[in-house]
Amino acid sequence: MALAHRIATTADLPALEAVMEAAIGELQKGYLAPEQIASSRMIMGLDRQLVADGTYFVVEADGRLAGCGGWSRRATLYGGDHTPGRDAALLDPATEPARVRAMYTHPDFARRGVGRLILSLCEDAARAEGFGRLELMATLSGLPLYTAFGFEPIEAIEDARGGAPVPLVRMGKSI
């Protein structure tokens with residue numbers, strides 16, 4: 001299976017939302033209870049600012065959208081357009097880490113290199129803009145990928161803004 005990538009555009013938004021919904025609903029099974037998966041929808045999802053900033057990638061395989069994810073030079077660590085508490089302030093590459101954001105793989109393409117490709121693209125792009133470190137907020141289902149890619153845990157939290165508490169792990173990596 002060959003993977004192709006490109007920067008996401010506004011024309012991709014409906015397809016991105018479909019991949020996100022499938023990933024949230026399927027890939028967290030076995031890690032979260034059904035009420036936590038439902039709660040995840042408040043703290044996860046599409047962030048149009050990433051697309052507008054040109055820092056969000058689409059990965060395609062076999063003519064299908066296999067996954068998406070990106071990085072950000074803005075302060076928000078995680079969450080979608082609808083998530084409260086967002087901060088669009090620009091980060092200082094000399095003193096602050098870039099954010100890896102909104103990583104989703106369609107369940108049909110899980111564990112086939114999509115996430116690793118997106119992480120590599122994010123790392124290269126952030127480094128090219130002068131960032132020396134990356135941070136992200138990992139779901140329990142994403143922890144194995146991020147750990148294998150060299151991210152280390154910083155702190156474990158629970159986010160209950162969607163109702164049920166959802167465990168998350170803030171992780172970081174020097175680049």
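How are helix 1 and helix 2 oriented to each other, roughly parallel or roughly antiparallel?

**Entry 1, ground rules.** I noted that this is a predicted model, in which local features need pLDDT of at least 70, side-chain atom pairs count only at pLDDT 80 or more, and totals for chains, interfaces and linings use all residues. Residues are numbered from 1 along each chain as its sequence is written, and side-chain values use heavy atoms, with hydrogens and water left out.

**Entry 2, the helix pair.** I looked up helix 1 (residues 13-27) and helix 2 (residues 34-43), whose axes come within 9 Å and cross at roughly 150°; helices here are DSSP runs of H or I with at least four residues, and strands are E runs of at least two. Axes are lines fitted to C-alpha atoms, for helices over the stretch in contact, and angles run from 0 to 180 degrees between N-to-C directions. Helix 1 and helix 2 are therefore roughly antiparallel, the word used for angles over 145 degrees. On the helix 1 side I found E21, I24 and G25 in the contact, and on the helix 2 side I37, S40 and R41, where contact means heavy atoms within 4.5 Å.

**Entry 3, the cores.** I then turned to the largest nonpolar core, which has 26 residues; such a core is a set of buried Ala, Val, Leu, Ile, Met, Phe, Trp, Tyr and Cys residues joined through side-chain atoms within 4.5 Å, and buried means under 20% relative accessible area with a 1.4 Å probe, protein chains only. Helix 4 gives this core its largest share, six residues. Among the residues with the most contacts inside the core is Y146, and the residues that Y146 touches include L119, F151 and M171.

Conventions. Parallel < 35°, antiparallel > 145°, perpendicular 65-115°, else oblique. Buried < 20%, exposed > 50% of the residue type's maximum accessible area, 1.4 Å probe, protein only. Lists of a residue's contacts leave out its neighbours within four places in sequence.
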